[in-house]
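User: Can you help me go through the holes and rings in a structure? I'll ask as I go.

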Amino acid sequence: MTAWRQGRAVRLNPVRIFNYALGVALAGLIVFAVIHAMPPRHVTIETGPVGGSFYHAAEKYKRALEARGFRVTLHPDPNSLDIIDRVNEAPHRVRIGFVAQKLDPQRFPAIRSLGAIEMQPLFVFYATRLGSPKSLDALRGRRLVMPPERSGSADAARLLLREYDVTPANTSFTYLPIADAVASLQAGRYDAGFFMLTPRNQFITELASSPGLALLDLRDTLTLSRLESYLTPVVLPHGVYGIERRNPPENVHLLAATVDVVARDNVPAAVINTPPSGAYQPGATCTATRDGFSSGRHIDMKPAANTPNSPVRMK
């Protein structure tokens, strides 16, 4: 092989050219392999609606992950029951989400629980013009409002109401975006509303202080928790929303779902080992079970590798 350099013929060594090209190709393959072997640095967090407890939890995770160099996108959706499906449908992406619902682990063999972060009671606020209802059956024939149909709030509400024969066949069920549902209940357009959120969520604190509304004490929590095993009896202490006003005036019995963080089994260890700011704070909510804060998980799934043994709790 001959080439010309400054007017002179120069003989090129084909073997040397081949070795050089091979070295460049191998170097490129090594760089490509190293890049693709590195854990993804972008995380999508599937959340519930903006303003909900899942969204606030996601914001804490976002800050913690960004501090470790991840790029984080929050994907809010009012249909919180569908979060696990979106996490499950992303096998080649790092996607985590929150669940607080009954699940069939056989449907999600690749999903892992990263731990429990908090408990969300189902709050039932009723209009005081109804008097003092003693049970959910007093809401039969009334106008009920709750977040969207595919939300955890609506799902839990329907399950409990069905036990008292309160159904769409004999009662008005209205599903609205959570902020609209809260505002409509405060405006007196509905007789009662159902919201599964943390006790310190802004919507709950607003409703607890709204004139003309009161919290329904669920006195059958032990029985209902046997019928719906993913729900745990909890007690909201009297005066928690204003001890000087005794708001509420008495302890309120509620049912709560444990919130788990879930991801596919390919989630990087750096994501698993990044607790959100304010996590690992026992007793950080104002609800308690008879034996203290529940440490169980209702999701019968394998924990991800390197997952902390104890549940985490958020402020």
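User: How do the residues lining the second largest cavity divide into nonpolar, polar and charged?
Analyst: This is a predicted model. In it, the lining of the second largest cavity has 4 nonpolar, 1 polar and 3 charged residues.

User: Which residues are they?
Analyst: The lining is made up of K134, S135, L136, Y164, L218, R219, D220 and L224. The space inside that cavity is about 30 Å³.

User: How many cavities of 30 Å³ or more are there?
Analyst: The count is 2.

User: OK, pockets now. What volume does the largest pocket have?
Analyst: The largest pocket has a volume of about 330 Å³. It is lined by 19 residues, and the closest to its centre are Y126, L215, D217, P249 and V252.

User: Which elements give two or more residues to that lining?
Analyst: Those are β6 (111-127), α6 (202-208) and β10 (213-215). The largest share comes from β10, with 3 residues.

User: And how does the lining of the largest pocket divide by residue type?
Analyst: There are 12 nonpolar, 3 polar and 4 charged residues in it.

User: Switching to rings. How many aromatic pairs does the structure hold?
Analyst: It holds 3 aromatic pairs. In one of them, F123 with F125, the ring centres are 6.2 Å apart and the planes are at 15 degrees, so this pair counts as stacked.

User: Why does 15 degrees make it stacked?
Analyst: Because planes under 30 degrees apart count as stacked.

User: Are F123 and F125 buried or exposed?
Analyst: Both F123 and F125 are buried.

User: Which residues do ring pairs link into a cluster?
Analyst: That cluster consists of F54, Y61 and F98.

Definitions and conventions:
Residues are numbered from 1 along each chain as its sequence is written. This is a predicted model: local features need pLDDT of at least 70, side-chain atom pairs count only at pLDDT 80 or more; totals for chains, interfaces and linings use all residues. Side-chain values use heavy atoms; hydrogens and water are left out. On a 1 Å grid over the protein atoms alone, a cavity is a set of points where a 1.4 Å probe fits but cannot get out, and a pocket is an open set with protein on both sides within 12 Å along at least five of seven lines; lining residues have an atom within 4 Å of a point. Grid points are joined across faces, edges and corners, and a volume is the space filled by probe spheres set on the points. Ala, Val, Leu, Ile, Met, Phe, Trp, Tyr, Cys and Pro count as nonpolar, Asp, Glu, Lys and Arg as charged, and the others, Gly among them, as polar. Helices (H or I, at least four residues) and strands (E, at least two) are DSSP runs, numbered from the N terminus. Rings of Phe, Tyr and Trp (its six-membered ring) pair if their centres lie within 6.5 Å; planes under 30 degrees apart count as stacked, over 60 as edge-to-face and the rest as tilted. Buried means under 20% relative accessible area, exposed over 50%, partly exposed in between (1.4 Å probe, protein chains only).
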